[in-house]
Amino acid sequence: MSLVANASGMIARKGATMTLNRAGETSITLKGKRIGGGIDQLGNADQQSFTVKIGTVELAASDWTPKVPSAGGDGAGDTITIDGRVRAILDVRPIHDGETVGLYELQVAG
């Protein structure tokens with residue numbers, strides 16, 4: 001079984017419902033899996049930062065162009081809502097299976 005099939009199955013079974021948001025686009029409800037995390041000290045405020053892995057199925061089925069999450073910790077990129085809390089996407093790393101992207105690994109904070 002390929003990485004793509006394994007990853008999609010794992011996220012479907014063990015992932016939590018999240019919402020990927022992009023200005024001017026319809027939000028995408030998808031499954032994602034939160035990995036690790038910690039608290040970063042930012043001035044007087046504490047903020048959680050952690051990794052989220054998402055599949056590609058919901059993105060591929062969306063109207064978004066491009067069909068890839070966009071990082072932009074400065075507020076210019078996409079955001080992801082997890083458990084009702086909006087988090088900035090700071091970095092996006094595609095995980096490939098040959099030529100095919102099977103997952104996206106998102107570094108998020110908020």
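1. **Thr-81 and its partners.** In this predicted model, the side chains of Thr-81 and Asn-21 are joined by a polar contact of 3.0 Å. Thr-81 belongs to strand β4, which covers residues 79-82. Set aside the neighbours within four places in sequence, and Thr-81 is in contact with Met-18, Thr-19, Asn-21 and Val-86. Asn-21 therefore appears twice for Thr-81: in the list of contacts and, as N or O atoms within 3.5 Å make a polar contact, in the side-chain pair at 3.0 Å.

2. **From β4 to β5.** Strand β4 pairs with strand β5, residues 85-97. The sense is antiparallel, and there are four bridges. Look for Ile-82, which stands opposite Arg-85 of β5. The two strands form a hairpin with two residues between them. In that turn, Asp-83 has a positive phi of about 55 degrees.

3. **From β5 to β6.** Strand β5 also pairs with strand β6, residues 100-109. This pairing is antiparallel too, over nine bridges. Here Ile-95 stands opposite Leu-103 of β6. Two residues lie between the strands of this hairpin, and Gly-98 takes a positive phi near 65 degrees. One point helps when you look at any such strand: in a regular strand, side chains alternate between the two faces of the sheet.

4. **Ala-5 in the first helix.** Is Ala-5 buried or exposed? Ala-5 has a relative accessible area of 36%, so it counts as partly exposed; the class runs between 20% and 50%. Ala-5 sits in helix α1, residues 3-14. Now find Gly-102. In sequence, Ala-5 and Gly-102 are 97 residues apart. In space, their C-alpha atoms are 7.9 Å apart.

5. **Rings and charge.** How many aromatic pairs does the structure hold? The number is zero. A ring does take part in another arrangement: the charged end of Arg-34 sits over the ring of Phe-50. The distance to the ring centre is 3.6 Å.

6. **The chain as a whole.** The protein chain has two helices and six strands. Read from the N terminus, the order is α-β-β-β-α-β-β-β. The chain has 110 residues, and 36% of them count as buried. Its exposed area is about 6,100 Å², with 50% supplied by carbon and sulfur atoms.

7. **Contacts along the chain.** Take the contacts with a separation of 6 or more. Residues 24 or more positions apart account for 48% of them.

How values were computed. Residues numbered from 1 in each chain as written. Predicted model: local features only at pLDDT ≥ 70, side-chain atom pairs only at ≥ 80, totals over all residues. Heavy atoms only, no water. Buried < 20%, exposed > 50% of the residue type's maximum accessible area, 1.4 Å probe, protein only. Polar contact = N/O pair within 3.5 Å; in protein donor to acceptor, adjacent residues only side chain to side chain. Contact = heavy atoms within 4.5 Å. Phe/Tyr/Trp six-rings, centres within 6.5 Å; stacked < 30°, edge-to-face > 60°. Lys NZ or Arg CZ within 6 Å of the ring centre and 35° of its normal. Areas by Shrake-Rupley, 256 points an atom, 1.4 Å probe, with all protein chains shown as cover. Pairing = 2+ DSSP bridges.
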